[in-house]
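Here is a friendly walk through two helices and a pocket. Have the structure open as you read along.

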Amino acid sequence: MKYTTLGKTGLNVSVVGLGGIPIQRTDVEGTRKVIDACVECGVNYIDTARGYTVSEEYLGEVLEGRRDKFILATKTMARDYDGMKADIEKSLKNLRTNYIDLYQIHNIKTDAEFDTCFGENGAYKALLEAKAEGKIGHIGATAHGLEAFERLITEFEDKIETIMFPFNIVESQGLELMKKCTEKNIAFIAMKPMAGGNLEDGTLAMKYILNNPDCTIAIPGMGDAKEVYENCAAVDAGELNEEDKAACQKIISELGKNFCRRCGYCAPCPQGINIPSNFLFANYLRHYGLAEWAKGRYYSMEKTAKDCIKCGVCETRCPYELPIREMLVKVAEDMK
Ligand code: SF4
Ligand code: SF4
């Protein structure tokens, strides 16, 4: 494993960290195996979120007795003072610790959210208080859109120490702003290194990210020990060669921009459609030739793309501004 300094925080972190989303699909024993593998591979950074259902709790349980071996980061969608204060307490309790190294304002997007968060009675005030009380060590933010990323790096550079933003083979829109992070010594944390599960070759995906000098660390979601070993293997995989670059180009031309990252922010759909699953099964059909399997899974869902009434609610929530309605029409056609 290689280690680096997490920007202004001064924390010494492994370049591969554990993204805690997939902890939700396992149980406490599964989480223990993931953490054991992290210890074995030298991964010392763990990122989770209040919104990842049981993730904080499971991690808290298996970190008992070894919490000091890790740098713990979590985040919340709370925007106001009371909400943030309450969420910090919940995270501390769930993670069974009296100290969280990095607490992040999660998925900040609109002007109204910025105004609330950094306003008089905003989430930021609660974070500052928690920092003064020693409950958290550092403050960061996460964003999915370029506009929010730019605001964070230009208007709030003195308030935040880290920025988490999507970065992977097919999402390089943040490259210029990442350079600014380096200039300002704000750590850049690569979110969604596997493009929400759309990238098959994990080693290539991690190699691509870790070879960018403006990326401080990457936090692939890992739900079992095998994924930990695979992702950590990329640390020693060296520089991107011509073959790797050609493979990246092929992926870029195949996937394009309009793909679902399976973040789930579009839910709930009033029609009960599981939007990311619809896209996932369609991907299996289109890219991997798994027609029978994909259609089997697709038709086992109670509601599918054809049930969309085109209300558009989901599109207002999607941080990537995907034309979900249009994409679902295509899914319904492909799945016929
Ligand atoms: S546009 Fe379709 S998928 Fe989106 S919320 Fe409305 S019914 Fe659901
Ligand atoms: S459609 Fe958008 S919001 Fe919904 S899961 Fe996909 S990327 Fe996320």
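## Helices α8 and α9

The buried residues of α8 pack against β9 (187-191), β10 (217-218), α9 and α10 (242-255). Keep in mind that this is a predicted model. The buried residues in question are G202, L204, A205, M206, K207, Y208 and I209. Seven of the nine residues of α8 are buried, so the rest of the structure largely encloses this helix.

Helix α9 spans residues 225-233, and its buried residues are V228, N231 and C232. Viewed down the axis of α9, these buried residues fall within an arc of 95 degrees, so they line one face of the helix. The general pattern helps here: an α-helix has 3.6 residues a turn, so residues three or four places apart point the same way. The cover over the buried residues of α9 includes α1 (28-41) and α8 (202-210).

An aspartate side chain is found at the start of each of these two helices, as the table sets out.

| Helix | Side-chain oxygen | Backbone nitrogen | Distance |
|---|---|---|---|
| α8 | D201 | T203 | within 3.2 Å |
| α9 | D224 | K226 | 3.1 Å |

In α9, the contact made by D224 caps the N-terminal end.

## The second largest pocket

How much space lies in the second largest pocket? About 600 Å³. This pocket is lined by 26 residues, and the closest to its centre are H144, G145, L146, Q173 and P319. Helix α6 (residues 146-155) supplies the largest share of the lining, four residues. By character, the lining divides into 11 nonpolar, seven polar and eight charged residues.

Technical notes: Residues numbered from 1 in each chain as written. Chains lettered and ligands numbered in written order. Predicted model: local features only at pLDDT ≥ 70, side-chain atom pairs only at ≥ 80, totals over all residues. Heavy atoms only, no water. Buried < 20%, exposed > 50% of the residue type's maximum accessible area, 1.4 Å probe, protein only. Arc of directions from axis to C-beta. Contact = heavy atoms within 4.5 Å. Polar contact = N/O pair within 3.5 Å; in protein donor to acceptor, adjacent residues only side chain to side chain. 1 Å grid on protein atoms, 1.4 Å probe; cavity = no way out; pocket = protein on both sides within 12 Å on 5 of 7 lines; lining within 4 Å. Points joined across faces, edges and corners; volume = space filled by probe spheres on them. Nonpolar A, V, L, I, M, F, W, Y, C, P; charged D, E, K, R; others polar.
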